[in-house]
Amino acid sequence: MNIIFSIFIDIPEDKLDNPGWYENGVQIKTDKSLNTKKALYNNRVELERRQREYAESLNVEYRLLGNDKEYKDFCKYMKDYPMISEYDIINFYKHWAMKNFAENYDQVCYLDFDVVPNTDENVFNIIQSGFGVAHSNDLAEWGKNISSTKYNTCIRNPSSKYWNTYAMLLEDDMEPENDVFNTGIMVAGYNIIQRLGYFHEFEKTLELMTYLKEEEDSIHPPNIQRVFNYDNETVFSYLVKKREIAIDWLPWDWHYIIDHPKKEMIDTSAKLYHVINKKVEWVL
């Protein structure tokens, strides 16, 4: 028995974070989080319908999680970390929910709410015994090679997550080279989710992230250290390396990222669209 789930929580405007880049050492204020909030809210009915219909076509259960008691309880669990934004709390929550669903289902598939299915093929058939997820290594490559004096990108850039994970692994005396993951789509069975142990020593992991973020005599350049953040994909990459987790890489068409300037550029043969530019109306 399998399940597909997603999460839609409408973050209040006063709790939106700022993922802006830097200019002359100052973080630029952007409306990216507000635009995301509006796009998901305005298209929430159709987004849920498309995901639910896909699950029904596979004859599996679909659950859309929201701002209910379970989420509020998770927020209480996170109350000791007021520096973590609600956006990041929600992204940690998807791992929490995935862990809990794995207790009752053979396989679990998580879809970000901006993921739009475009197929009736079975997503569960594309993984074997590993953790099904896509990478963002190509998007991180520039930030691995650019001079740190010119590193002015935001906390959500894949290269920022690479360096954050790098610092965590280095602090643990591990080989710091790592993969950058995109957890917008995840597919896994009970055994591999248990082995990942995302919340095993979670507090210790957050303490390590805080230490590296606030360390006064850091070995990491200031422009790199300032983008260290409490990011779910950073933690995921850190644990994959630390626990030696096998990965079943999702084929490109099963995690097709839409960040195009024009709708006409979209590959219509893709199976799962991840609309990171939030132009979800293009594929609904």
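Let's start with the sheet: it is open, has 6 strands in the order β4-β1-β5-β8-β7-β9, and mixes its pairing. At its edges sit β4 (61-65) and β9 (247-249), each of which pairs on one side only. Keep in mind that this is a predicted model. Below is a quick tour of the sheet, a helix that packs on it, a pair of crossing helices, the helix α8, and a serine in a loop.

**The sheet and its helix**

- Going from one strand to the next, the twist averages 25°.
- Strands β1 (residues 2-7) and β5 (residues 107-111) run parallel, and 4 bridges join them.
- To pick out one pairing, Ile 3 has Val 108 of β5 as its bridge partner.
- Helix α10 packs on this sheet, where it touches β7 (131-135), β8 (181-189) and β9.
- The direction of α10 makes about 55° with that of β8.

**Where α5 meets α6**

- How do the axes of α5 and α6 cross? They come within 7 Å and cross at roughly 65°, and the crossing is right-handed.
- On the α5 side, the contact is made by Leu 139, Ala 140, Trp 142, Gly 143 and Lys 144.
- On the α6 side, Pro 158, Ser 159, Tyr 162 and Trp 163 do the touching.
- Sorted by class, the contact of α5 with α6 has 6 nonpolar, 2 polar and 1 charged residues.

**Helix α8 and its cover**

- Helix α8 covers residues 202-214, which makes 13 residues.
- From its first C-alpha to its last, α8 reaches 18 Å, close to the 18 Å expected at 1.5 Å a residue.
- Which residues of α8 are buried? They are Phe 202, Thr 205, Leu 206, Leu 208, Met 209, Thr 210 and Leu 212.
- The cover over those buried residues includes α3 (69-77), α4 (86-101), α6 (158-171), α9 (222-225) and α10 (232-243).
- So two helices from the earlier groups turn up again here: α6 and α10 are both part of what covers the buried residues of α8.

**A serine in a loop**

- Ser 148 lies in the loop between α5 (137-145) and α6.
- Why does Ser 148 count as partly exposed? Its relative accessible area is 26%, and partly exposed takes in values between 20% and 50%.
- Leaving aside residues up to four places away in sequence, Ser 148 touches Pro 221, Asn 223 and Ile 224.
- Asn 223 is 75 residues from Ser 148 in sequence, yet their C-alpha atoms are 6.2 Å apart in space.

Technical notes. Residues are numbered from 1 along each chain as its sequence is written. This is a predicted model: local features need pLDDT of at least 70, side-chain atom pairs count only at pLDDT 80 or more; totals for chains, interfaces and linings use all residues. Side-chain values use heavy atoms; hydrogens and water are left out. The expected span of a helix is 1.5 Å times one less than its number of residues. Buried means under 20% relative accessible area, exposed over 50%, partly exposed in between (1.4 Å probe, protein chains only). Contact means heavy atoms within 4.5 Å. Two strands pair if DSSP finds at least two bridges between them. Axes are lines fitted to C-alpha atoms, for helices over the stretch in contact, and angles run from 0 to 180 degrees between N-to-C directions. A crossing is left-handed if the near helix is turned anticlockwise from the far one by less than a right angle, and right-handed if clockwise. Ala, Val, Leu, Ile, Met, Phe, Trp, Tyr, Cys and Pro count as nonpolar, Asp, Glu, Lys and Arg as charged, and the others, Gly among them, as polar.
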